[in-house]
Amino acid sequence: MTARYSPRWWLYLLVLLAGVRLAVAGILPLSPDEAYYRLWAFAPAAGYLDHPPMVAGWIWLGMKLGGDDALGVRLVGVLAGAGVSAFVFRAVRDLLPDAGRAGGIRACVMLQATLALAIQSVVITPDMPVMFFLSVLLWAMGRVVAGGGARWWLVAGGAAGLACDSKYTGVLPVAGIALWLAMQAVNRRAWALRQVPGLVGATVLSALCVAPVIWWNARHGWASFVRQGGRTADWHPGRALQFLTELVTGQLGLMTPGIAAFFIWGQVVLLRRARRDAGAALLSCMTLLPACVFVQHATGDRVQANWPVVIYPMLAVGAATVAWRWGRWAVGGGVVIGTLVYMQALSGLLPLSAHTDVALRQMAGWRDLAVRIEDHAGQADFIAACDYGTAAELARVLPGRVVVGMEPRWALFNLPHNVSGSGIMVCNPRRGFERDVFTSIHPLGTLARGRRGRVAERVDLYRVTLRADLLPAQRDSIVRLSAP
């Protein structure tokens with residue numbers, strides 16, 4: 001490698017990316033999901049309907065360090081996005097020692113240049129915590145493969161448990177480790193027997209980490225497990241080609257095409273080495289088992305584009321085995337694509353529709369919408385929304401108002417239920433709301449939310465009066481999300 005493309009320059013690129021992402025995270029408004037996760041931080045629990053609780057803990061810590069604003073909400077995620085590089089680099093050292101220091105740098109740069117990391121490093125969702133802890137898990141398993149001893153099994157067990165506390169799909173790479181261990185028990189019986197004490201400790205520690213999530217689900221009718229497991233019941237094999245095509249194109253987009261080629265070729269190299277190389281076999285199992293699960297799921301139902309990001313750290317480590325001749329062009333292409341996405345999200349220069357422009361659809365115009373809602377609210381006792389994302393956004397941009405959530409999901413939150421009187425209901429026309437909880441409903445008109453004349457969403461406004469004789473289930477589903 002010439003001096004021009006020495007590892008030092010790639011390290012400079014990683015530092016530059018981290019700085020840019022910190023700035024973008026502080027400027028972009030929160031998306032509805034981020035605003036929703038922010039409310040989790042104000043209602044600490046061992047679990048939530050949609051995901052395990054790790055993202056709430058990260059947001060709570062970020063707001064303590066950086067304040068209750070966009071940067072504070074996202075701060076820990078941005079730092080973790082940069083931090084995964086350290087664990088990926090060390091994983092390459094132990095799992096693929098022949099790749100050398102240059103291979104470790106290649107893996108880090110490839111991962112950071114994906115569009116997935118460009119996005120997940122500036123917004124806060126459960127995907128960044130799960131990728132971070134899986135990177136720690138990968139590092140710890142590298143130490144195990146390198147003969148580091150039982151203490152590294154404990155680190156691996158803790159990381160595996162915390163990954164599952166971040167997102168349920170974190171269990172898939174962990175299952176890949178179990179598959180790898182079964183293969184090692186057949187081929188290297190003596191080595192496998194020596195790992196039993198450390199493996200037992202790792203299993204116990206991992207179980208202790210996930211026990212609170214299981215306890216919360218048991219206390220709440222297994223709500224989160226049922227919600228996530230219920231996806232398997234929605235099965236449409238006749239649309240398998242459509243779902244598989246969406247899966248492939250989604251991953252090409254999130255990896256970016258050039259980096260996807262390196263990731264795929266890295267897996268080919270690992271499979272060739274897997275029979276004789278324990279590190280390569282481990283990476284293959286942790287990658288291919290989850291990939292097979294996603295492909296199988298796509299034969300009958302949609303796989304969301306962000307689900308497979310749990311295998312990206314392993315894909316990046318595998319890419320360290322690939323010759324670097326064209327790597328700088330793949331990385332450059334990824335960085336350019338990420339930069340263009342940032343520019344569009346920040347400026348909206350291209351006249352894209354809300355269907356195409358995700359930042360427009362999710363982040364634009366919330367404060368302006370709040371001002372116009374205030375014009376209609378007058379002395380209203382509360383402002384309510386019929387969906388959780390709108391309710392969470394209004395709770396953020398209307399801190400001087402009582403903002404109310406009105407969905408069954410809110411019954412699972414430890415939030416105040418003392419809501420009464422008359423208020424304003426904000427509802428997307430495509431969504432309905434439970435009219436039985438009101439004694440009167442009067443339409444007030446329609447408002448548009450957007451940016452530079454481009455409409456992201458239209459919402460209908462109603463003046464409503466809550467019933468005084470609500471049923472217990474109805475009362476539990478109506479909660480205060482903010483108050484004066």
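Biologist: What percentage of the 484 residues in the protein chain is buried?

Modeller: This is a predicted model, and the answer is computed from its atoms. A residue counts as buried when its relative accessible area is under 20%. In the protein chain of 484 residues, the share that meets this criterion is 55%.

Biologist: How many helices and how many strands does the protein chain contain?

Modeller: Both kinds of element occur in the protein chain. The count is 21 helices and 6 strands.

Biologist: Why is the protein chain described as compact as a globular protein of its length?

Modeller: For 484 residues the globule rule gives 23 Å. The radius of gyration of the protein chain is close to that value, so the chain is as compact as a globular protein of that length. The radius of gyration itself is 24 Å.

Biologist: What box do the C-alpha atoms of the protein chain fill?

Modeller: The box is taken along the principal axes. Its dimensions are roughly 75 × 50 × 50 Å.

Biologist: Among contacts between residues at least 6 apart in sequence, what percentage joins residues at least 24 apart?

Modeller: A contact here requires heavy atoms within 4.5 Å. Among the contacts between residues at least 6 apart in sequence, those joining residues at least 24 apart amount to 76%.

Biologist: What part of the accessible surface belongs to carbon and sulfur atoms, and how far apart are the centres of the positive and negative side chains?

Modeller: The accessible surface of the protein chain comes to about 21,100 Å², and carbon and sulfur atoms hold 64% of it. As for charge, there are 45 positive and 27 negative side chains. The centres of these two sets are separated by 12 Å.

Biologist: Which UniProt annotation covers residues 50-216, and what is the helix content of that span?

Modeller: According to the unreviewed UniProt entry, residues 50-216 carry the annotation "domain: Glycosyltransferase RgtA/B/C/D-like". In the model, the end C-alpha atoms of this span lie 13 Å apart. Strand accounts for 0% of the span, and helix for 82%.

Biologist: Where does Thr-125 lie, and which residues does it contact beyond its neighbours within four places in sequence?

Modeller: Thr-125 is located in the loop between α6 (115-120) and α7 (127-145). Its relative accessible area is 15%, which is under 20%, so Thr-125 is buried. Leaving aside neighbours within four places in sequence, its contacts are Tyr-37, Val-55 and Gln-120.

Biologist: Is Ala-202 buried or exposed, and which residues does it contact?

Modeller: Ala-202 belongs to helix α11 (residues 196-219), and it is buried because its relative accessible area is 6%. Leu-154 is 48 residues away along the chain, yet the two C-alpha atoms are separated by 4.6 Å. Outside the neighbours within four places in sequence, Ala-202 is in contact with Trp-153, Leu-154 and Gly-157.

Biologist: Thr-256 and Arg-452 both have positive phi; which of them is buried and which is exposed?

Modeller: Thr-256, with phi near 75°, sits in the loop between α13 (240-255) and α14 (257-273). Arg-452, with phi of about 55°, sits in the loop between β4 (438-451) and β5 (454-466). The relative accessibility of Thr-256 is 2%, whereas the relative accessible area of Arg-452 is 56%. Thr-256 is therefore buried, and Arg-452 is exposed.

Biologist: What distance separates the C-alpha atoms of Ala-260 and Met-110, and which residues does Ala-260 touch?

Modeller: Ala-260 is part of helix α14 and is buried, with a relative accessible area of 2%. Its C-alpha atom and that of Met-110, 150 residues away along the chain, are separated by 9.5 Å. Not counting residues up to four places away in sequence, Ala-260 touches Leu-252 and Met-255.

Biologist: Is Ala-291 buried, partly exposed or exposed?

Modeller: Ala-291 lies in helix α15 (residues 278-298). Its relative accessible area is 23%, between the limits of 20% and 50%, so Ala-291 is partly exposed.

Biologist: Which residues does Leu-398 touch?

Modeller: Leu-398 occupies the loop between α20 (388-397) and β2 (403-406), and at 4% relative accessible area Leu-398 is buried. Ala-370, 28 residues away in sequence, is 6.8 Å from Leu-398, C-alpha to C-alpha. Not counting residues up to four places away in sequence, Leu-398 touches Ala-370, Glu-374, Ile-383, Val-403 and Ser-482.

Definitions and conventions:
Residues numbered from 1 in each chain as written. Predicted model: local features only at pLDDT ≥ 70, side-chain atom pairs only at ≥ 80, totals over all residues. Heavy atoms only, no water. Helix = DSSP H or I, 4+ residues; strand = E, 2+ residues; numbered from the N terminus. Rg over C-alpha atoms; globule rule 2.2 N^0.38 Å. Buried < 20%, exposed > 50% of the residue type's maximum accessible area, 1.4 Å probe, protein only. Areas by Shrake-Rupley, 256 points an atom, 1.4 Å probe, with all protein chains shown as cover. Lys, Arg positive; Asp, Glu negative; His and termini not counted. Charge placed at Lys NZ, Arg CZ, Asp CG, Glu CD. UniProt positions renumbered as here; feature names shortened; annotations may be inferred.
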